[in-house]
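Student: Please show me how to read a ligand site and a helix pair in a model.
Tutor: Look at the structure first.

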Amino acid sequence: MSIDQPFSGTPAEPISTDPVDRVIAYHVRTKHHFNRYARSLGFLDWANQPDPFRRFEGAQLTRLPLLNPEDDPQSPSYDAMYQPDAVTSQPLTIRTVSRFFELALGLSAWKKAGESEWALRNNPSSGNLHPTEGYVLLPPVDGLDLMPGLYHYAAKEHGLEVRADFSPEQINEVLAPFPTGAFLFGLSSVHWREAWKYGERAFRYCNHDVGHALGSARIAAATLGWRMLLLDGADQNQVARLLGTHRQDDFGEAEPEHPDCLAVVWPADGVKREAQNVPLYLDEAVVSKLVPGPWHGKANDLSREHGVHWEAIDEAADASWKTTTEQQTVRLPDPLLTRSEPVHTSRTASEAGVIIRQRRSAVSFDARTAISADAFFCMLQRVMPQADEAHLRRPMPWDLLPWDPAIHLLLFVHRVEGLTPGLYVLVRDAKKLSVLQQSMNPELEWTPVAGRPNDLPLYWLLQGDARRLAAQVSCHQGIAGDSAFSLGMLAEFEGRLRQGGAWWYPRLFWEAGLVGQVLYLEAEAAGVRGTGIGCFFDDPVHEVVGIKDLALQSLYHFTIGGPVDDQRLLTLPPYHHLGRK
Ligand SMILES: Cc1cc2nc3c(=O)[nH]c(=O)nc-3n(C[C@H](O)[C@H](O)[C@H](O)COP(=O)(O)O)c2cc1C
C-alpha cells in the first residue's frame with residue numbers, strides 16, 4: 001500500500017459557494033483511501049508539539065479544591081446516574097464546581113516512559129492532543145467564593161481563570177429564562193493541536209472530541225443531580241462573544257480557539273413542579289449588553305512555530321459556522337409524571353466517579369475475551385436515545401442533544417457469546433429502518449436478533465468472521481479485530497446537511513463523540529475496555545454494506561474488548577504534581 005502525503009496545506013479549491021457543498025467537499029477531501037491517506041505532514045514535528053494546556057497569562061486563577069474521590073457527600077452508583085431523578089441535586093458550591101470540572105475535563109492520570117511524562121484526562125481525545133477548552137459563565141451565588149463572570153478551566157492547575165467580570169444583574173438577566181440555579185458551560189477547540197498531527201482531517205477529530213467532552217460534562221453533571229441541555233439555537237457569533245474567542249487582542253499570535261457550543265446546566269430540583277419550557281437560545285438584546293465588560297489575560301503560545309497551515313480546516317470551520325438563531329424551546333416534563341424506576345438492569349455497584357476516573361483507551365486487545373449477549377445488549381441500550389412513553393424524556397445523556405438521532409451503528413461482532421459472528425446494525429431511531437435499508441445492499445438479511453430486548457432495534461445482516469475486515473477498514477489497526485466487537489457510526493449525512501444546513505456537519509460528529517463517550521464508560525462498567533477509532537478508510541467501510549452515495553457516511557469507529565496493558569508505562573496519580581498523592 002502506498003501512502004501519498006503531500007507536505008503542504010494545499011488550498012482547498014472552493015467548488016461552490018453553497019456552505020453545504022463546501023462541507024461535503026471538505027468531507028470527501030479528508031477521506032482516507034486504501035492507497036492515499038488524507039493530507040497531513042506525514043511526520044511528527046516534535047519541536048513544535050502543541051502544549052495541551054492553555055493558560056491566559058495575567059488572568060487571576062482560582063484553584064478549585066482538590067477533592068479525594070471519597071469526599072463526596074453523595075456518590076451515586078454508575079447505574080443510578082442513568083435513572084431519572086435518582087440522584088439528589090447538589091447545590092452550586094466551590095466543591096461541586098470542582099467535582100463537575102474534574103469529572104468532565106480534569107486529569108485522570110499521568111503516564112511516564114523514560115524521561116517523557118504526559119497527562120491523561122477524564123475526557124478522551126484523538127492522539128491525546130486535547131484540542132477542547134472548557135469555559136463556565138457563573139451567576140452570583142451565595143457562598144460560591146467566585147465572582148460572577150466568565151472563567152476558563154485550567155486543567156493542569158485544576159482551577160478557573162477569570163476572563164471577564166460581569167455584573168450580577170447582567171448575568172442574572174441572561175440566565176433568567178432558565179431553571180433556578182442555572183449556569184452556562186461552553187466549549188471551544190484549538191484546531192492546531194489536532195492539525196499538528198493529523199493535518200486536514202483534524203477538523204473531524206476536533207468535533208469528535210467536542211462530542212466526548214459534551215458527554216463527559218453531561219455525565220459529570222448527572223453525578224451531582226444536575227441536568228444539561230445544549231443551547232443549539234444560539235448563533236455561533238454569540239457563542240464566540242460569550243466565550244471571548246473573538247478577542248483577537250487577547251490571542252495575538254497565539255493559536256486561536258474556535259467557539260463550538262454553549263450548554264445550560266442546572267440542579268434538577270431547580271425545575272418547578274409544573275412543566276417548564278427551557279429556551280435553546282439566548283436573547284441577543286440581553287447578551288449584547290454583556291460584551292463590553294472588562295476582559296483579562298493573554299492566551300499562551302502553544303507551539304513555537306506552525307509550519308504548515310491547513311487551509312481546508314479553516315474552510316470547513318467557515319462553511320459550517322452557524323449564523324442563525326432558532327427560537328426553540330424544550331419542554332421539561334413535570335417531574336411528578338416521570339417514572340423513576342430503573343430502566344436498565346443493574347450490572348455494577350461501582351460508583352460513577354470510579355468508572356469515570358478509570359476510563360482509558362485500550363492500546364491493544366487480547367483477541368480472546370468474549371462478552372455475554374446480555375452485556376452487549378445492555379451497552380447498546382445505553383446508546384438508545386428515545387424517551388419511552390412512560391418516561392416522557394430522553395434518558396441521560398441523550399437529554400443533552402435537542403435533535404432526533406442521526407447516528408446508527410454498523411457492528412462487527414467477533415466474540416459475543418450466543419451471537420453469530422458477523423455484521424449487525426443498531427437502528428438508533430427505529431423510524432429510520434427503511435431509510436437505512438434503502439441505502440444499503442438489498443441482499444442483506446435484516447433479521448431481528450433473537451433474544452434482544454424488545455425495544456432494541458438490533459438487526460443481523462451477514463454471517464461471517466469479520467475480524468480481518470474490521471481491522472483492515474480501520475486503517476489496519478488490530479484493535480478493531482482483536483476485540484469482542486467493533487463498529488462504525490453511520491450518520492444520516494447529505495439529507496441532514498441539505499435539510500438543516502452546513503452547521504449540522506460538526507453536530508453529526510458531536511453525536512458520534514457522545515455515543516463513543518457512553519461506550520467508553522459502558523465498557524469499563526462491564527469489566528472490559530474501549531477505544532475510539534478516528535482512523536478508518538471511509539469508502540471501503542461503506543462498501544462493506546453497499547453504501548454507494550452520501551446518504552450515509554461512517555464518521556467514527558469504536559472497539560470494545562479485553563485489553564492488554566502496556567507494562568512499560570508507569571502510571572502516576574492525576575494531581576501528584578499539585579501535591580495530592
Ligand atoms: C476521536 C478519537 C479518535 C481516536 N482514534 C484512535 C485510533 O484511530 N487509534 C487508536 O489506537 N486510538 C485512538 N483513539 C484513542 C486516543 O488515542 C486516546 O483517547 C488518547 O490517547 C487518550 O488516552 P485515554 O483515552 O486513555 O485517556 C481515539 C480517541 C478519540 C477520542
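What follows covers the ligand shell and then one helix pair.

Tutor: This is a predicted model, where local features need pLDDT of at least 70, side-chain atom pairs count only at pLDDT 80 or more, and totals for chains, interfaces and linings use all residues. Residues are numbered from 1 along each chain as its sequence is written, and side-chain values use heavy atoms, with hydrogens and water left out.

Student: How many residues surround the ligand?
Tutor: A residue is near a molecule if one of its heavy atoms lies within 4 Å of it. Here 22 residues surround the ligand, and the closest are R359, S361, Q477, G532 and G534.

Student: Which ligand atom is 2.9 Å from the side chain of R359?
Tutor: A polar contact with a ligand is a pair of N or O atoms within 3.5 Å. For the R359 side chain, the partner is a ligand oxygen. A polar side-chain atom of Q477 is 2.7 Å from a ligand nitrogen, and a backbone N or O atom of G532 is 3.0 Å from a ligand nitrogen.

Student: How much of the ligand does the protein bury?
Tutor: Accessible areas come from the Shrake-Rupley method with a 1.4 Å probe. Taken alone, the ligand exposes 620 Å², of which the protein buries 85%.

Student: Which residues make the contact of helix 3 with helix 6?
Tutor: Helices are DSSP runs (H or I, at least four residues), numbered from the N terminus. Contact means heavy atoms within 4.5 Å. Helix 3 contributes F100, L103, A104 and L105, while helix 6 contributes A213, S216, A217, A220, A221 and T223.

Methods. Polar contact = N/O pair within 3.5 Å; in protein donor to acceptor, adjacent residues only side chain to side chain. Helix = DSSP H or I, 4+ residues; strand = E, 2+ residues; numbered from the N terminus.
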